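Colleague: Could you take one part of this model and go through it closely with me? I would like to follow how that part is put together, then how its side chains link up with the rest.

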Amino acid sequence: MSLKHAVLAALLEGEASGYDLAKIFDVSVANFWAATPQQLYRELERLAGAGLITARMVEQERRPNKRMFSLTESGRRDLALYTSAPPRLSAVRDELMVQVQACDGGDTGAVRESVARRMEVAREKLGRYDRLRERMLDGRDEEAYLGGAERIGPYLTLMRGRAFEEENLRWCARVLAVLDRRAAAGTGTAGKAATGDARRSPEKATAALTLR
């Protein structure tokens with residue numbers, strides 16, 4: 001997937017300015033495709049140059065003029081062709097997972113703090129997704145919305161984002177509970193001490209393990 005198709009998909013909502021699209025990306029598209037405003041504006045220029053979107057200038061009295069973007073027929077055909085091809089499998093690269101994998105031989109306390117921060121981020125994102133969900137449903141229940149809404153793609157991706165952050169919360173809570181229980185029991189301290197000894201001298205590390 002490229003940013004190109006994420007932008008085209010976002011413009012299915014209708015004409016939007018670059019600022020509007022940045023807001024859409026921040027609250028919804030970001031749950032599956034991250035992009036900075038600078039990347040977004042550059043992509044809009046490329047898409048306009050390729051004829052996949054059009055841009056028109058809107059004059060404003062008390063604000064700077066703004067450009068409004070919309071899909072062209074070529075853009076719609078490109079997006080339709082894109083959805084007809086099987087997607088590439090996603091590759092996960094999460095630095096926190098590497099740190100957790102290595103926590104037994106590293107700074108477990110620092111890793112715990114990182115997991116706690118990830119948990120707070122998940123809570124914040126989930127809160128934003130829930131507010132967006134309420135606005136989209138507008139008083140309807142989910143099944144009524146999915147059965148009668150003109151477009152359901154944004155809601156389905158929102159469901160995936162919510163499920164992802166809910167799982168993040170569950171996993172983080174479990175990891176913190178395990179690390180806290182092991183810290184209270186003193187589990188793993190011998191291994192950490194031996195690792196520290198090994199950095200200084202293999203002979204001292206062997207002696208330390210023998211004494212234990």
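Modeller: Happy to! One cut-off first: a residue counts as buried under 20% relative accessible area, as exposed over 50%, and as partly exposed in between. Arg56 is at 45%, so this residue is partly exposed. Please keep in mind that this is a predicted model.

Let us take the sheet as our part, with Arg56 as a way in. The sheet is open, has 3 strands in the order 1-3-2, and pairs in the antiparallel sense. Strand 1 and strand 2 are the edge strands, each pairing on one side only. As background, strands of a sheet pair through backbone hydrogen bonds, either parallel or antiparallel.

Now strand by strand. Strand 2 covers residues 53-58 and is joined to strand 3 by 6 bridges, the two running antiparallel. Within that pairing, Arg56 has Met68 of strand 3 as its bridge partner, and Thr54 stands opposite Ser70 of strand 3. Strand 1, residues 16-17, pairs with strand 3, residues 66-71, over 2 bridges, again in the antiparallel sense. Here Ala16 is the residue that faces Phe69 of strand 3.

Next come the side chains. Side chains of opposite charge can pair when their charged atoms come close. Arg56 shows this with Glu15: their side chains form a salt bridge at 2.6 Å, N to O. Glu15 sits in the loop between helix 1 and strand 1 while Arg56 belongs to strand 2, so the pair ties together parts that are 41 residues apart in sequence. Glu15, like Arg56, is partly exposed: its relative accessible area is 36%, against 45% for Arg56.

Strand 3 has a link of its own. The side chain of Arg67 meets that of Glu45 in a salt bridge of 2.4 Å, N to O. Arg67 is in strand 3 and Glu45 in helix 3 (residues 37-49), so this pair connects parts that lie 22 residues apart in sequence. Arg67 counts as partly exposed at 31% relative accessibility, and Glu45 is partly exposed too, at 42%.

These two pairs belong to a longer list, as the structure holds 14 salt bridges. For a contrast away from the sheet, look at Asp130 and Arg162, whose side chains form a salt bridge at 2.6 Å, N to O. Asp130 is in helix 6 (residues 108-137) and Arg162 in helix 8 (residues 153-185), so to speak a link between distant parts of the chain, 32 residues apart. Asp130 is partly exposed at 27%, whereas Arg162 is buried, with a relative accessible area of 19%. Asp130 and Arg162 also join Glu166 in a network of salt bridges.

Finally, back to helix 1, which we met through the loop that holds Glu15. Helix 1 (residues 3-10) packs with helix 4 (residues 73-84) at an angle of about 115 degrees, and their axes are 10 Å apart. The crossing is left-handed. Helix 1 brings Lys4, His5, Leu8 and Ala9 to the contact, and helix 4 brings Gly75, Asp78, Leu79 and Tyr82. By class, that contact has 4 nonpolar, 2 polar and 2 charged residues.

Notes:
Residues numbered from 1 in each chain as written. Predicted model: local features only at pLDDT ≥ 70, side-chain atom pairs only at ≥ 80, totals over all residues. Heavy atoms only, no water. Axes fitted to C-alpha atoms, helices over the stretch in contact; angles between N-to-C directions. Helix = DSSP H or I, 4+ residues; strand = E, 2+ residues; numbered from the N terminus. Left-handed = near helix turned anticlockwise from the far one by under 90°. Contact = heavy atoms within 4.5 Å. Nonpolar A, V, L, I, M, F, W, Y, C, P; charged D, E, K, R; others polar. Pairing = 2+ DSSP bridges. Salt bridge = Lys/Arg side-chain N within 4 Å of Asp/Glu carboxyl O. Buried < 20%, exposed > 50% of the residue type's maximum accessible area, 1.4 Å probe, protein only.
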